[in-house]
Amino acid sequence: MKLQTKYFGQVEYEEDDLLSFPAGLFGFESERQFLLLPFEDSAGTLLCFQSVQTPALAFVAMEPFSLLPDYAPVLQPQELKALGVEESHELAFYVLCVVKKPVSDSTVNLKCPVAINPATRVAQQVILETSAYEMRHPLDEFGHKEGSPC
């Protein structure tokens, strides 16, 4: 299948590449299928959740462990059940990035990561029940370098 994307032009994908968000993303509950596409030269740490339903809709995301190696999201039992796992460490996590100009003003949301079951490709955005993480962590608090895309 082919999809015109916001950041990557036209891409080809297979049904198996789709991520299924049964509840959508916060504020975008009707958007249920996304592709997770890596930005070039990011070594897989800077990605994009590209909506399949709405090609103009895409969210920049980061692999949080590249920013904060001791990031430790813990999901609630009902969230784990919905994702089909028993423990949080069985999941892949990504955090959404709000890209601003200048880039040093960009933020990441460590409080509400996207959790993905790699085996089933089912995903859910969750709100972590901890005060350790905020919704707007400035990238420069992680030693972010000016000139990077996010």
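1. Glutamate 87 is placed in the loop that runs between helix H2 (77–83) and strand E7 (92–98). Helices (H or I, at least four residues) and strands (E, at least two) are DSSP runs, numbered from the N terminus. With a relative accessible area of 42%, glutamate 87 is partly exposed; in this scheme buried means under 20% relative accessible area, exposed over 50%, and partly exposed in between (1.4 Å probe, protein chains only). Valine 74 is 13 residues away from glutamate 87 along the chain, and the two C-alpha atoms are separated by 8.2 Å.

2. The basis of the model should be stated. This is a predicted model, in which local features need pLDDT of at least 70 and side-chain atom pairs count only at pLDDT 80 or more, whereas totals for chains, interfaces and linings use all residues. Residues are numbered from 1 along each chain as its sequence is written, and side-chain values use heavy atoms, with hydrogens and water left out.

3. Strand E9 (114–117) merits inspection from both sides. Val114 and Ile116 line one face of E9 and Ala115 and Asn117 the other; all of them are buried, and both faces are therefore covered. Asparagine 117, located in E9, is classed as buried because its relative accessible area is 4%. The C-alpha atom of asparagine 117 lies 7.4 Å from that of glycine 84, although 33 residues separate the two in sequence.

4. E9 pairs with E7 in the antiparallel sense through 3 bridges; two strands pair if DSSP finds at least two bridges between them. Within this pairing, phenylalanine 93 has alanine 115 of E9 as its bridge partner.

5. E9 is also joined to strand E10 (122–125), with which it runs antiparallel over 4 bridges. In this pairing, alanine 115 is partnered by glutamine 124 of E10, while isoleucine 116 stands opposite alanine 123. The faces of E10 differ in cover: Ala123 and Gln125 make up the covered face, and Val122 and Gln124 the uncovered one.

6. E9 and E10 form a hairpin with 4 residues between them. Arginine 121 belongs to the loop between these two strands and is partly exposed because its relative accessible area is 28%. The phi angle of arginine 121 is positive, near 65 degrees, and the residue is not a glycine. Most residues other than glycine have a negative phi. Arginine 121 and aspartate 16 are 105 residues apart in sequence, yet their C-alpha atoms are 8.2 Å apart in space.

7. A second positive phi deserves a check. Aspartate 41, likewise not a glycine, has a phi of about 65 degrees. Aspartate 41 is found in the loop between E4 and E5 and counts as exposed because its relative accessible area is 77%.

8. The strands on either side of that loop are themselves paired. Strand E4 (residues 33–38) and strand E5 (residues 46–51) run antiparallel and share 5 bridges. One of the facing pairs is leucine 37 with cysteine 48 in E5.

9. E4 has a further antiparallel pairing, with E3, over 2 bridges. Here leucine 19 is set opposite phenylalanine 34 of E4. In the loop between strand E2 (10–12) and strand E3 (19–20) lies glutamate 15, which is partly exposed because its relative accessibility is 48%.

10. The peptide bond between lysine 101 and proline 102 should be viewed with its geometry in mind. The bond is cis, with an omega of about 0 degrees. Most peptide bonds are trans. Proline 102 falls in the loop between E7 and strand E8 (107–108).

11. To close, which backbone features should a reader locate in the structure? They include the cis bond of lysine 101 and proline 102, the positive phi of aspartate 41 and that of arginine 121, the latter in the turn of the hairpin formed by E9 and E10.
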